[in-house]
Amino acid sequence: MNSFELNKIFGAILGTLVFVMGVGFIADEIYAPIEGRGADYALPEPAAEGEAGGEDAPGVPSIAARMQTASAEEGESLITRCQSCHDYSPANENRVGPGIYGIVGHPIASHEGFSYSDALAALGEAGEIWDYEHLDAFIENPRAHVPGTLMTFAGLADPEDRANLIAFLRENSDDPYPLPEAPAEEAPAEGEAAAEGEAPAEQDPIWAAMAAVTPEDGEALIVRCQSCHDYSEANANRVGPGLYGVVGQQIAHHEGYSYSDALASLGAEGETWTPENLSAFLESPADFAPGTRMAFPGIADVEDRAALIVYLNTLSENPMDLSGGAAGGEAEAAPAEGDAAPAEGEAPAEEAAPAEEAAPAETEEAPAEQPALEEVEQLNLEEEGEAAAEEAPVVEVEAPQDETVEDPNTQVPGADQEMDNPAEEIGTGRSWRNPNIFTQ
């Protein structure tokens, strides 16, 4: 191979490298990231080894305090997150992770036949046990509590969920570990009581939202539920239970429907579908009742949830008093009804007016009946010979001309002329006392 061929080969290689480098430079210029632009999420920094002691965050009750009210039944719905790696049955076999039957109070890294990480093994050699503090911190963030652990679980952030899960693990044992004593400090208890006293203020958003919506707003949203629920008075079970009268009722109360264990346990504890519970469930069913079979993703807008709750409240024979929402709307509507009441009160007066107008008609008709009595009197007077002659001029003045035209043979007697048949003359309807003569 001569030098010319070698030069072509090296030239091709160099040219390719220059082309690749040039493409890289151009790509960097085109697709260079712009700092501080667009939405981002700051990842939490791992806690330092010295800080990983399982201490509770400010405002979070200690695990000892939370264990006093923890629910093993709710913890049972959370243990499903562990079953893919751990066996919590009495068999207590090793899987990806060690068996966790009877784990509470058990020495750390002591399950026979399992190969632990050096970090957990060191804790076990130091005589540490899986007490409530260690379990609470480890379940919250395994890698922060025991740096170097092989545990890949992300952790449970909710303190109540951790306490419930530990309560289940405690009872999942042949010899349950004793519960911790309640904290002796009174000051935090008073602080918690004050926080509990302020709890209704945290519920203000749903109540304020209910005050600003109408049942008609919710009626437009109920169509999202009709494929799975019956909200008519029949209240039949479909894919989900009937919703008629659900507001204020006990959770998992509908007869004949098979509820999930999560909702059934809430109902067994006496929980009801208050506006707060309904709002939390409608926002995220899975977060409100972990383990529920409800596949609905939820309604994020608080006003939409409030409108739906207000409308559901109307679908009941005994609606709940939503003093913060629907009742407020009814209270506002009440003055309108009150305003309408006087109108109704005025209605009889308006109806009475025609009656009063009709009264003169009756009084006008009354003279029509009176001539009969006066005819008798007049006949009596004419028999005496004088009374008819006095009334005759009045008849001449008041009698309409058309009547005299209709009966040309009839002559009105004068003052000195005696009527041949006074009863017949008066009976012709020409008496001045008959008002009907003016309407003919």
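In this predicted model, α5 and α7 are oblique to each other, because an angle of about 125 degrees falls outside the parallel, antiparallel and perpendicular ranges. Helix α5 covers residues 132-140, and its axis runs 10 Å from that of α7. The crossing of the pair is right-handed. On the α5 side the contact is built from Tyr132, Leu135, Asp136, Ile139 and Glu140, while α7 brings in Arg162, Leu165, Ile166 and Arg170. Sort those residues by class and you get five nonpolar, no polar and four charged.

What else does α5 hold? His134 sits in this helix too. With a relative accessible area of 14%, His134 is buried, since the cut-off is under 20%. Skipping neighbours within four places in sequence, His134 is in contact with Ile108, Glu128, Ile129 and His145.

Moving along the chain, the loop between α6 (142-145) and α7 (159-171) holds Thr152. Is Thr152 buried or exposed? Thr152 is exposed, because its relative accessible area of 65% is over the 50% mark. Its C-alpha atom is separated from that of Asn141 by 9.8 Å, and the two residues are 11 apart along the chain.

Now for a second helix pair, α13 and α15. Two packed helices are described by the angle between their axes and the distance between the axes. For α13 and α15, the axes come within 10 Å and cross at roughly 125 degrees. These two helices are therefore oblique to each other as well. Their crossing is right-handed. Which residues make the contact between α13 and α15? From α13 they are Pro275, Leu278, Ser279, Leu282 and Glu283, and from α15 they are Arg305, Leu308 and Ile309. By class, this contact divides into five nonpolar, one polar and two charged residues.

Helix α15 also turns up in the largest nonpolar core. This core has 34 residues, and the members touching the most others are Met210, Ile222, Leu263, Trp273, Phe288, Leu308 and Leu312. Four elements give two or more residues to the core: α10 (204-211), α12 (261-268), α13 (275-283) and α15 (302-314). Which of them gives the largest share? That is α15, with seven residues. As for Ile222, its partners are Tyr231, Leu308, Tyr311 and Leu312, if you leave out residues up to four places away in sequence. A separate core of 25 residues lies apart from this one, and its members include Ile103, Val104, Leu120 and Ala163.

A few loop residues deserve a look as well. Most residues other than glycine have a negative phi. Asn92 has a positive phi, near 55 degrees, without being a glycine. Asn235 is also not a glycine, and its phi is positive at about 55 degrees. Where do they sit? Asn92 is in the loop between α3 (72-78) and α4 (118-125), and Asn235 is in the loop between α11 (215-219) and α12. Ser260 is found in the loop between α11 and α12 too. Here is how these three come out:

| Residue | Loop | Relative accessibility | Class |
|---|---|---|---|
| Asn92 | between α3 and α4 | 16% | buried |
| Asn235 | between α11 and α12 | 16% | buried |
| Ser260 | between α11 and α12 | 4% | buried |

Asn92 counts as buried because its 16% is under the 20% limit, and Asn235, with 16%, is buried on that basis too. Ser260 has a relative accessibility of 4%, so Ser260 counts as buried. Which residues does Ser260 touch, leaving aside its neighbours within four places in sequence? The answer is Gly291, Thr292 and Arg293.

Finally, the whole chain. How many helices and strands are there in the protein chain? The count is 19 helices and zero strands. Of its 440 residues, 30% count as buried. Take the contacts between residues at least 6 apart in sequence, and 53% of them join residues at least 24 apart.

Methods
Residues are numbered from 1 along each chain as its sequence is written. This is a predicted model: local features need pLDDT of at least 70, side-chain atom pairs count only at pLDDT 80 or more; totals for chains, interfaces and linings use all residues. Side-chain values use heavy atoms; hydrogens and water are left out. Buried means under 20% relative accessible area, exposed over 50%, partly exposed in between (1.4 Å probe, protein chains only). A nonpolar core is a set of buried Ala, Val, Leu, Ile, Met, Phe, Trp, Tyr and Cys residues joined through side-chain atoms within 4.5 Å. Contact means heavy atoms within 4.5 Å. Axes are lines fitted to C-alpha atoms, for helices over the stretch in contact, and angles run from 0 to 180 degrees between N-to-C directions. Angles under 35 degrees count as roughly parallel, over 145 as roughly antiparallel, 65 to 115 as roughly perpendicular and the rest as oblique. A crossing is left-handed if the near helix is turned anticlockwise from the far one by less than a right angle, and right-handed if clockwise. Ala, Val, Leu, Ile, Met, Phe, Trp, Tyr, Cys and Pro count as nonpolar, Asp, Glu, Lys and Arg as charged, and the others, Gly among them, as polar.
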